[in-house]
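Here is a short walk through a protein chain, from how its helices pack to how its charged side chains pair. Keep the structure open beside the text as you read.

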Amino acid sequence: MPYHSSPLDLSFYALSDPTRRAVVSRLVEGELPVSALAEPFDMALPSFAQHIKVLEECGLIASEKRGRRRWCRLVRSRFDEAADWMEAERRHAVQRLDRLEAYLDKAKERENE
């Protein structure tokens, strides 16, 4: 995995891959064993395990061995961090657009005077 400077960077890196996003989408429904997560994908289990490793290393999922199977689950707090960052950026963008709209409205008023 390339070097990333923050947990948020790691989360976005992990979610940049469609396979990993699909895994996350399936885990929203609840815990699943790695073998069940791998079923829809046309790849060898060791290759799929690399995707699980990336998701685990960035903290988006956790896994534990139960008997002969490894079960995965989402770590919701890591998603909350990403959602909080996106919401803050969205608010900032909306504020800038509101200021631009106010400026344009004032400029239009001055034109009409």
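Helices here are DSSP runs (H or I) of at least four residues, and they are numbered from the N terminus. With that in hand, lysine 53 and glutamate 57 can be placed together in helix α4, 4 residues apart, about one turn of the helix. Please bear in mind throughout that this is a predicted model.

**The core**

Let us begin inside. The largest nonpolar core has 17 residues. Which residues have the most contacts inside it? They are Val23, Phe48 and Ile52. At least two residues of this core come from each of α2 (18-27), α3 (34-38), α4 (45-57) and β3 (69-74). The largest share belongs to α4, which supplies 4 residues. In soluble globular proteins, nonpolar side chains tend to be buried together.

Valine 23 is a good residue to click on. Leaving out residues up to four places away in sequence, valine 23 touches Leu37, Phe41, Phe48, Ile52 and Leu55.

**Two helix pairs**

Helices α2 and α4 pack at an angle of about 70°, and their axes are 10 Å apart. Angles of 65 to 115 degrees count as roughly perpendicular, and α2 and α4 are therefore roughly perpendicular to each other. On the α2 side of this contact are Thr19, Arg20, Val23 and Val24, which meet Phe48, His51, Ile52, Val54 and Leu55 of α4. By class, the contact of α2 with α4 has 6 nonpolar, 2 polar and 1 charged residues.

Valine 54, one of the α4 residues in that contact, is worth a second look. Is valine 54 buried or exposed? Its relative accessible area is 11%, and buried means under 20%, so valine 54 is buried. Measuring from C-alpha to C-alpha in the model, you will find valine 54 and glycine 30 19 Å apart in space, with their positions 24 residues apart in sequence.

The other pair brings together α1 (residues 7-15) and α5 (residues 76-112), at an angle of about 100° and with axes 10 Å apart. Helices α1 and α5 are therefore also roughly perpendicular to each other. Here Pro7, Leu8, Ser11, Phe12 and Leu15 in α1 meet Arg78, Phe79, Glu81, Ala82, Trp85 and Met86 in α5. The residues of this contact divide into 8 nonpolar, 1 polar and 2 charged.

Arginine 78 of helix α5 deserves a closer look of its own. What is the relative accessible area of arginine 78? The value is 19%, so arginine 78 counts as buried. Apart from neighbours within four places in sequence, arginine 78 is in contact with Pro7, Ser11, Cys58, Gly59 and Leu60.

**Salt bridges**

Side chains of opposite charge can pair when their charged atoms come close. How many salt bridges does the structure hold? There are 6, and the table shows some of them.

| Salt bridge | Closest N and O atoms |
|---|---|
| Arginine 66 and glutamate 31 | 2.7 Å |
| Lysine 53 and glutamate 57 | 3.9 Å |
| Glutamate 87 and arginine 90 | 2.8 Å |

The pair of arginine 66 and glutamate 31 links distant parts of the chain, 35 residues apart. Arginine 66 sits in strand β2 (residues 61-66), while glutamate 31 is in the loop between α2 and β1 (32-33). Arginine 66 is partly exposed at 33% relative accessible area, and glutamate 31 is partly exposed at 34%. Glu31 and Arg66 also belong, with Glu64, to a network of salt bridges.

The remaining two pairs in the table each stay within one helix. Lysine 53 and glutamate 57 both lie in α4. Lysine 53 has a relative accessible area of 41% and is partly exposed; glutamate 57, at 46%, also counts as partly exposed.

Glutamate 87 and arginine 90 both lie in helix α5, 3 residues apart, about one turn of the helix. Glutamate 87 counts as partly exposed at 30% relative accessibility, and arginine 90 is partly exposed at 45%.

Key: Residues are numbered from 1 along each chain as its sequence is written. This is a predicted model: local features need pLDDT of at least 70, side-chain atom pairs count only at pLDDT 80 or more; totals for chains, interfaces and linings use all residues. Side-chain values use heavy atoms; hydrogens and water are left out. Axes are lines fitted to C-alpha atoms, for helices over the stretch in contact, and angles run from 0 to 180 degrees between N-to-C directions. Angles under 35 degrees count as roughly parallel, over 145 as roughly antiparallel, 65 to 115 as roughly perpendicular and the rest as oblique. Contact means heavy atoms within 4.5 Å. Ala, Val, Leu, Ile, Met, Phe, Trp, Tyr, Cys and Pro count as nonpolar, Asp, Glu, Lys and Arg as charged, and the others, Gly among them, as polar. A nonpolar core is a set of buried Ala, Val, Leu, Ile, Met, Phe, Trp, Tyr and Cys residues joined through side-chain atoms within 4.5 Å. Buried means under 20% relative accessible area, exposed over 50%, partly exposed in between (1.4 Å probe, protein chains only). A salt bridge is a side-chain nitrogen of Lys or Arg within 4 Å of a carboxyl oxygen of Asp or Glu.
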